[in-house]
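Work through the exercises below with the coordinates open. Try each task before reading its solution.

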Amino acid sequence: MTTVIDGKAAAASVVEAVSAAAEKLETLGHRRPGLAVVIVGNDPASHAYVGAKSRMAKQCGFNSIQHTLPEDTAQDDLMALVASLNADPEIDGILVQLPLPKHLDSDPVIQSILPEKDVDGLHVVNAGKLATGDMDTGLVSCTPAGAMILVRQIHGKDLSGLNALVIGRSNLFGKPMAQLLLAANATVTVGHSRSRDLPALARQADILVAAVGRPEMVKADWVKPGATVIDVGINRIDAPERGEGKFRLVGDVAFAECKPVAAAISPVPGGVGPMTIAMLMANTVIAAYRRAG
Ligand code: GUN
């Protein structure tokens with residue numbers, strides 16, 4: 001029987017631990033963890049994610065602040081907001097939701113966040129710590145950190161001898177995911193749009209992680225029998241049968257056909273998605289403890 005990995009349950013236990021840690025911080029005489037989430041523009045998917053992050057932060061007992069800026073926000077104004085959040089003693093974590101509108105350059109914005117408040121783990125200092133194996137003093141990007149917890153549920157901490165393929169090479173996910181798998185002793189390949197034969201690479205993988213943003217791209221004949229498949233894609237597909245303007249979410253993996261081949265597979269929704277938000281809460285409480293000393 002294939003294990004369908006329950007990301008909601010895993011996320012719930014992370015959130016429970018985070019809430020308890022946040023409460024303890026207050027009993028130690030410190031203020032609650034503070035998380036600022038910044039969103040620019042009107043992208044409905046981004047608003048849905050940010051709303052979920054803000055709600056979860058409140059549920060964890062955090063001081064949760066959302067800054068919603070108009071679509072035509074100037075680069076300097078966004079940078080000024082980040083600077084003020086950097087200087088705000090009540091704020092432990094800053095997240096600027098990506099992608100930003102096209103006229104804005106995300107890189108200087110992200111790099112202007114204080115590394116110790118960079119709960120997204122995207123600052124070069126945090127990316128560099130991860131790349132050099134410092135797992136203790138930086139902050140790790142939330143989606144790969146969450147995906148890694150799901151991998152560990154199946155395989156334990158040590159991935160020695162296992163082949164892992166990460167499809168996708170973004171700074172937000174593919175690169176940090178590869179680093180985490182490598183740090184756990186997996187033999188890691190990173191595949192991407194310029195790779196010659198992704199299906200052949202995938203068939204070698206004991207752990208197959210898909211993060212490409214292409215609906216149901218990974219087919220059953222890509223999956224090594226008995227593999228663990230982690231689906232990081234969240235794709236909105238029109239679903240007129242559900243009514244005008246309705247959509248449904250599918251991953252990068254054709255779930256129904258891959259499930260019987262895999263030994264374990266994460267669904268969409270209900271797999272990696274809930275873990276991303278849970279790990280954002282975990283990073284925020286970690287940042288708050290470090291600031292509290
Ligand atoms: N957009 C999609 N996922 C993420 C994320 O994890 N962090 C940020 N900042 N933006 C995103």
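The exercises go from the whole chain to its ligand shell, its helix packing and its backbone geometry.

This is a predicted model: local features need pLDDT of at least 70, side-chain atom pairs count only at pLDDT 80 or more, and totals for chains, interfaces and linings use all residues. Residues are numbered from 1 along each chain as its sequence is written.

**Exercise 1. Overall build**

Count the helices and strands in the protein chain, then judge its compactness from the radius of gyration.

Solution.
- Step 1: the protein chain holds 10 helices and 11 strands. Both are DSSP runs, numbered from the N terminus: helices are H or I with at least four residues, strands are E with at least two.
- Step 2: the radius of gyration is 19 Å, close to the 19 Å from the globule rule for 293 residues, so the protein chain is as compact as a globular protein of that length. The radius is taken over C-alpha atoms, and the rule is 2.2 Å times the number of residues to the power 0.38.
- Step 3: the C-alpha trace spans about 50 × 45 × 35 Å along its principal axes.

**Exercise 2. Domains and the ligand shell**

Locate the domains, then find which residues surround the ligand.

Solution.
- Step 1: the assignment gives domain 1 (30-116) and domain 2 (142-273). Such bounds come from an automatic or database domain assignment.
- Step 2: the centres of domain 1 and domain 2, over C-alpha atoms, are 27 Å apart.
- Step 3: around the ligand sit Leu95, Val96, Gln97, Leu98, Asp120, Cys142, Thr143, Leu172 and Thr276. A residue is near a molecule if its C-beta atom, placed from the backbone, lies within 6 Å of it.
- Step 4: domain 1 and domain 2 each give at least three residues to this shell. Strand S4 (93-96) and helix H6 (142-155) each supply at least two.
- Step 5: by class, the shell has 5 nonpolar, 3 polar and 1 charged residues. Ala, Val, Leu, Ile, Met, Phe, Trp, Tyr, Cys and Pro count as nonpolar, Asp, Glu, Lys and Arg as charged, and the others, Gly among them, as polar.

**Exercise 3. Helix packing**

Classify the pairs H1 with H10, H6 with H7, and H6 with H10 by crossing angle.

Solution.
- Step 1: fix the conventions. Axes are lines fitted to C-alpha atoms, for helices over the stretch in contact, and angles run from 0 to 180 degrees between N-to-C directions. Under 35 degrees is roughly parallel, over 145 roughly antiparallel, 65 to 115 roughly perpendicular, and the rest oblique.
- Step 2: the axes of H1 (residues 7-27) and H10 (residues 272-292) come within 8 Å and cross at roughly 20 degrees. H1 is therefore roughly parallel to H10. Their contact divides into 20 nonpolar, 2 polar and 1 charged residues.
- Step 3: H6 and H7 pack at about 40 degrees, axes 8 Å apart. This pair is therefore oblique.
- Step 4: H6 and H10 have axes that come within 7 Å and cross at roughly 115 degrees. They are therefore roughly perpendicular.

**Exercise 4. Backbone geometry**

Which peptide bonds to Pro99 and Pro269 are formed, cis or trans, and where does Asn185 lie?

Solution.
- Step 1: Leu98 to Pro99 is cis, with omega near -5 degrees. Pro99 lies in the loop between S4 and helix H4 (106-112).
- Step 2: Val268 to Pro269 is also cis, with omega about 0 degrees. Pro269 lies in the loop between strand S11 (264-265) and H10.
- Step 3: Asn185 is not a glycine, yet its phi is positive, about 80 degrees. Asn185 sits in the loop between helix H7 (174-183) and strand S6 (187-191).
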